[in-house]
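Subject: A structure for you to explore

Hi there,

Here is the structure I promised to pass on to you. Have a look at it first, then read on for what I found.

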Amino acid sequence: MTEDQKIEFLSEKIKEIEKITQEIGAVFPEKSFKLDGILIGNIVEVMVSHAYGIRLYKQSKKTHDGEVVSDGRKVQIKGTQKVDSIVIREKPDYLIVEYLDKKRGCICEIYNGPGNYVWEYASYVPSMNFYTLRVSKLLEIDKTVPANEKIEAVVPIEKFCKGEIEFQGIQKEETSFKKQLNKKGKTLITGYVNRNNQENLGCLNKPGNHNNQVLYAMRCNNCGFEYEANGCDVAIRKCPRCSK
Ligand SMILES: [Zn+2]
């Protein structure tokens with residue numbers, strides 16, 4: 001397989017895993033069957049390595065996961081399937097944080113830049129001996145990183161955005177996405193979080209149980225429970241598990 005084929009293969013497998021975990025979760029709603037952190041981390045490392053031309057270290061190291069092939073800059077790679085915060089142990093030279101979109105089997109960039117710029121916002125958790133960084137802060141700081149301090153992607157990578165999505169480099173898709181955004185409203189965009197902390201994980205493309213409604217995958221960001229909702233209800237849904 002070529003490198004591109006390998007990534008395409010991985011993308012398909014992520015979508016399959018996501019489908020399987022949803023099926024199991026539907027049968028055993030009392031338990032969570034989400035992908036765990038190590039698997040997410042490894043998937044994202046492989047995808048980032050391909051997308052940004054980074055050679056991964058064979059032995060996993062504490063501060064950096066790999067280095068940029070063209071210039072040797074050392075990079076810590078973080079993947080997340082949640083949109084609240086990430087865990088990090090030490091200040092890296094460079095940091096790339098990506099959201100793993102399991103529905104589409106792709107990554108979306110949250111932060112790309114020097115570790116320096118975000119480190120003052122890291123909060124130490126003494127009981128765990130690690131730091132956390134909020135995704136919303138990472139997104140905010142990312143906007144201020146000069147282009148020459150970013151690690152240039154070799155394939156186009158979508159920019160992650162809570163509620164509204166920006167695209168980098170793909171003008172055509174950007175236009176059609178904006179049209180979609182105007183037509184659908186922000187509550188139906190993947191990543192939208194309603195006032196009850198319920199997140200829209202994306203359209204399931206199957207009919208809902210109201211007239212003309214389509215189902216969306218939802219997740220409670222308080223307890224992690226995942227369920228389905230009619231499009232018209234995304235903005236107002238509460239967690240079926242927490243609000244019992
Ligand atoms: Zn809940």
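Histidine 50 touches Glu3 and Ile7, leaving aside residues up to four places away in sequence. Please keep in mind that this is a predicted model. Histidine 50 sits in helix α2. Is histidine 50 buried or exposed? Neither quite fits: it has 18 C-beta neighbours inside 10 Å, so it counts as partly exposed. A residue needs 20 or more such neighbours to count as buried. Histidine 50 also lies 19 Å from isoleucine 38, C-alpha to C-alpha, with the two being 12 residues apart in sequence.

**The two helices**

Those contacts belong to a wider picture. Helix α1 (residues 3-27) packs with helix α2 (residues 37-52) at an angle of about 150°, and their axes are 11 Å apart. Because of that angle, α1 is roughly antiparallel to α2. The crossing of α1 past α2 is left-handed. Which residues make the contact? From α1 they are Glu3, Ile7, Leu10 and Ile14, and from α2 they are Ile43, Val46, Met47 and His50. Sorted by class, the contact of α1 with α2 has six nonpolar residues, one polar and one charged.

**The six-stranded sheet**

Next, find the open sheet of six strands, which has the order β1-β2-β3-β5-β6-β9 and mixed pairing. Its edge strands, β1 (54-56) and β9 (158-159), each pair on one side only. As a reminder, strands of a sheet pair through backbone hydrogen bonds, either parallel or antiparallel.

Strand β5 (residues 94-101) is a good place to start. Eight of its eight residues are buried, so β5 is largely enclosed by the rest of the structure. In a regular strand the side chains alternate between the two faces of the sheet. You can follow this in β5: Tyr94, Ile96, Glu98 and Leu100 point one way, while Leu95, Val97, Tyr99 and Asp101 point the other way.

What are the partners of β5? Strand β3 (residues 74-80) pairs with β5 in the parallel sense over six bridges, and lysine 78 has valine 97 in β5 as its bridge partner. Strand β6 (residues 106-114) pairs with β5 in the antiparallel sense over eight bridges. There, glutamate 98 has glutamate 109 in β6 as its bridge partner. The hairpin of β5 and β6 has four residues between the strands, and glycine 105 takes a positive phi near 65° in it.

From β6 you can step on to β9: the two run parallel and are joined by two bridges. Cysteine 108 stands opposite glutamate 158 in β9.

**The three-stranded sheet**

There is also an open sheet of three strands, in the order β4-β8-β7 with antiparallel pairing. β4 (85-88) and β7 (123-125) stand at its edges with a single partner strand each, so one side of each has no neighbour in the sheet. On average, neighbouring strands here are turned by 35° against each other, direction ignored. β4 and strand β8 (residues 130-134) run antiparallel and are joined by four bridges. One pair to look up is serine 85 and its bridge partner in β8, arginine 134.

Helix α4 (residues 135-142) packs on this sheet, where it touches β4 and β8, and its direction makes about 65° with that of β8. α4 also lies across β5 and β6, running at about 65° to β6.

Enjoy exploring!

Best wishes

How values were computed:
Residues numbered from 1 in each chain as written. Predicted model: local features only at pLDDT ≥ 70, side-chain atom pairs only at ≥ 80, totals over all residues. Axes fitted to C-alpha atoms, helices over the stretch in contact; angles between N-to-C directions. Parallel < 35°, antiparallel > 145°, perpendicular 65-115°, else oblique. Left-handed = near helix turned anticlockwise from the far one by under 90°. Contact = placed C-beta atoms within 7 Å. Nonpolar A, V, L, I, M, F, W, Y, C, P; charged D, E, K, R; others polar. Pairing = 2+ DSSP bridges. Buried ≥ 20, exposed ≤ 12 C-beta atoms within 10 Å, placed from the backbone.
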